[in-house]
Amino acid sequence: MHTRLPSQASAVVVGGGVIGASTAYHLAKQGWNDVVLVERKQFCCGTTWHAAGLIGTMRANEAHARLCEYSMALLTELEAETGQSTGFRQVGSLSVAHSEARWEELRRVAAMNNAFGVTEVHLVTPQEIRDLYPLVKTDDLLGGSWVPQDGMASPVDITMAFIKGARQRGALCLEGVRVTAINRHNGRVVGVETDQGPIRTEFVVNCAGMWARDLGRLAGVNVPLHACEHYYAHTEKLDGLPDLLPVLRDHDRCAYYREDAGSILVGAFEKKAQPWGMNGIAEDFCFDELPGHMETQLMPVLEDAMERVPMLQDVGWRSFFCGPESFTPDDQFHLGEAPELRGFFLGCGLNSVGIQSSGGLGKALAEWMDKGHAPMDLWGNDIRRMYPFMGTQCFLEERVAETLGLLYENHFPFRQFESSRDLRHSPLHERLLDRNACFGQVAGWERPNWFAPEGTPPRYEYSFGKQNWFEYSAAEHRAARERVVLFDQSSFSKYLVQGRDACNTLQRICSADVDVEAGQVIYTHWLNDRGGIEADLTVTRLSENEYWVVSGAAVTHKDLDWLRRNTPEDAFCCVSDITSGWAVIGVMGPNSRALLEPLTGLDLSSQAFPFGTMQPVELGCAVGRAVRVSFVGELGWELYFPVDQAHHAFDVLERAGSGHGLTLAGLHALDSCRIEKKFVHYGHDISEAETPLEAGFGFVCALDKAVPFIGRDAILKQRESRSHLRKRLVQFLLQDPEAMLYHHEPILHHGQIVGHLTSGSYGHTLGGSVGLGYVHADEPVTAELLAAGGFEIDVGGQRIPAVASLRALYDPGGARLRK
């Protein structure tokens, strides 16, 4: 085995836990044969060694399910390849429900995962639960879900199998090497400094676990994660323990159970966790246990466990364990290349799913580095979703105390974080707070989701059915369709692109033709070279060398990274993030023209102010820009004002609005309006894994413009092959007005699963839940095929007939927003 540090490497992987080991193995498997893995102390000595080793495939989205599927299959292959056991035992996993909410969640998750086609999930009765797990008390259970292919393994053995496999393929895996600096030049990684000397490299992978935030700071990269105390207890060895006892999860009581060398391990995901390491992690930390807070954190979970598995009341307990584990602000692990530094990749913040995801995650990272793009839709884990404030000690310390417990909480639709709030405020925030808005949080922005009537507390009461705000939002929706509403849309991301090369740069990046007259608003996509959608936004030409770009709130860093990455180094073109400088007030609905015309002094007729244009506007003393677009499908304008003038503009509108039926509306109403119009949401309905042709947006591709756009060749190839006709975005309307759609519900055609929904909401005008989703077929998905019927949506195990359409079921011609 090599012991001397090389002077150069194709990649340096930092961190010798299971994720770092898997990444090194998969890079070597990709042919990167001079990879170096460095571990500050000993392999597995941070979090991996004390992980519970649960191996599961039932996940919250298809990409994660695919990662886990690969991870599980790899365990057997690794043993055969390396001769190193992974300890994998396929005993199955069982989740139980003793509340109606949990039972509905299990039914929905089972249907969703069966639609992914990765795992086979069975719903089981209390008696079947007892048959599968004879030790469990079942008299208060409603049911459960059973995944026979799941199991458990040894985290240390898995890691060492990866290490052995990586070494066999030429990687150098070293213990006792501490990285002290990341060398950078012109925004790229050029090497690392260690306590044993430098290594030149163009790629560094941060797999440093709970040290990843500190390593990121060495590179000038924001890595929001923080360690929490994590607990489990071991019984003494038990005689007569059933063979192949499944993994058991009782989410409502914050506990999981697994057999471990003849004893039972009970693990805790308590509702309120204890952050750890607030003052840093000791330099000599290695296989350390923590003293923890056993009485307040672990013991209440064990008391409930003794009720669920009564035999635990009569056994001895061998150990009570507390160790650190890292968690992220949104309970999603971090992957991908950092926007701050080229060549600096991340695989960290695993939120207790590191062992079961390790194989797939290492493979995804290796392919991402090798090919230059993610191998699947992993936007929910892309490090570019994070914001600088999320990496502050204050934000993390408060947030991770919540996120650990949320792993086992009910995953209700629209559930909002309760911690680390009131950070980013629109200039209208206090006005809307005074008017009883209920706020949600996206990218740190406090955004009004709905408004409660006077005297009603603006608080969510969560469920999988119609929640407490349903009728309030329905009234806002109807006001948008019938009168006029005001939305606060200030959280939109906004960029200014300037310079003599701004037009040519955007022409290459934008699929649509943006070389238009000043004042024209162009809806466009930004595509990758595979034709996948990287951004969904509008571009407005302000002048010959100046453009105004507007995008979604959550994608600021992704968009800016894509812009900068695809702007030639010698281009005279600069990009500015102006998001925080401008408020956006959406005035939407049939009465919007009548409200705005006398206030602005403008002729707002379609002849004078056509759809898809921008004009300067005065509103009282406020001076800004008016843009005639609409995400709700009605006549309307987005009004942009400098933040220092937004209060004034709002007050002018509110005073004048009473005579026109002006209603304040939240983003839930906006979402219900947009889905009736089959308008898409980036990250749900479209992503880099879909093309405009598949999503029904071929019109945004200007194939004949003078400057060919990125992805043009892929779109031409797909159009010529007509392959997109076998995967098409379809709108569905349920025929049961009580059923609720959210996302990931299976789509069935004549009883066969043909896809799953990407988003869902209630269509108050259409009279039922509306969903969007891709239908996959061996034959072209045509309007005639959809009109012939036979479509159903599986809502928690209940198959509900649905109308299917390629065109929007509400105002398919778009006449209302253009009138």
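**Entry 1: α5 and α8**

I looked up how helix α5 (residues 155–168) sits against helix α8 (residues 354–371) in this predicted model. Their axes are 11 Å apart, and the two helices pack at an angle of about 15 degrees. Angles under 35 degrees count as roughly parallel, so I wrote α5 down as roughly parallel to α8. I noted the crossing of α5 and α8 as left-handed.

Next I listed the residues at this contact. From α5 they are P155, I158 and F162, and from α8 they are I355, S358 and G359. Sorted by class, the contact of α5 with α8 has four nonpolar residues, two polar ones and no charged ones.

**Entry 2: α11 and α16**

I then turned to helix α11 (residues 470–482) and helix α16 (residues 667–676). Here the axes are 8 Å apart and the packing angle is about 55 degrees. That value makes α11 oblique to α16. The crossing of α11 and α16 is right-handed.

On the α11 side I found S473, E476, H477, A480 and R481. They meet H668, A669, S672, C673 and E676 in α16. By class I have three nonpolar, four polar and three charged residues for the contact of α11 with α16.

**Entry 3: the nonpolar cores**

Which residues touch the most other members of the largest nonpolar core? I got Y133, I182, Y257, V266, L312 and F344, out of 73 residues in that core. Helix α7 (residues 294–308) supplies the largest share of this core, with five residues. Apart from this core lies another, of 47 residues; V18, A21, A166 and V353 are among them.

I followed F344 further, leaving aside its neighbours within four places in sequence. F344 is in contact with I182, V189, V204, N206, L215, G216, A219, V221, G336, E337 and A338. I182 therefore appears in my notes twice, as a contact of F344 and in the list of residues that touch the most other core members.

**Entry 4: T23**

Is T23 buried or exposed? I read a relative accessible area of 0% for T23. Buried means under 20%, so T23 is buried. T23 has its place in helix α1 (residues 18–29).

Last, I looked up what T23 touches, again without its neighbours within four places in sequence. T23 is in contact with V13, V205, C207, G362 and L365.

Definitions and conventions
Residues are numbered from 1 along each chain as its sequence is written. This is a predicted model: local features need pLDDT of at least 70, side-chain atom pairs count only at pLDDT 80 or more; totals for chains, interfaces and linings use all residues. Side-chain values use heavy atoms; hydrogens and water are left out. A nonpolar core is a set of buried Ala, Val, Leu, Ile, Met, Phe, Trp, Tyr and Cys residues joined through side-chain atoms within 4.5 Å. Buried means under 20% relative accessible area, exposed over 50%, partly exposed in between (1.4 Å probe, protein chains only). Helices (H or I, at least four residues) and strands (E, at least two) are DSSP runs, numbered from the N terminus. Contact means heavy atoms within 4.5 Å. Axes are lines fitted to C-alpha atoms, for helices over the stretch in contact, and angles run from 0 to 180 degrees between N-to-C directions. Angles under 35 degrees count as roughly parallel, over 145 as roughly antiparallel, 65 to 115 as roughly perpendicular and the rest as oblique. A crossing is left-handed if the near helix is turned anticlockwise from the far one by less than a right angle, and right-handed if clockwise. Ala, Val, Leu, Ile, Met, Phe, Trp, Tyr, Cys and Pro count as nonpolar, Asp, Glu, Lys and Arg as charged, and the others, Gly among them, as polar.
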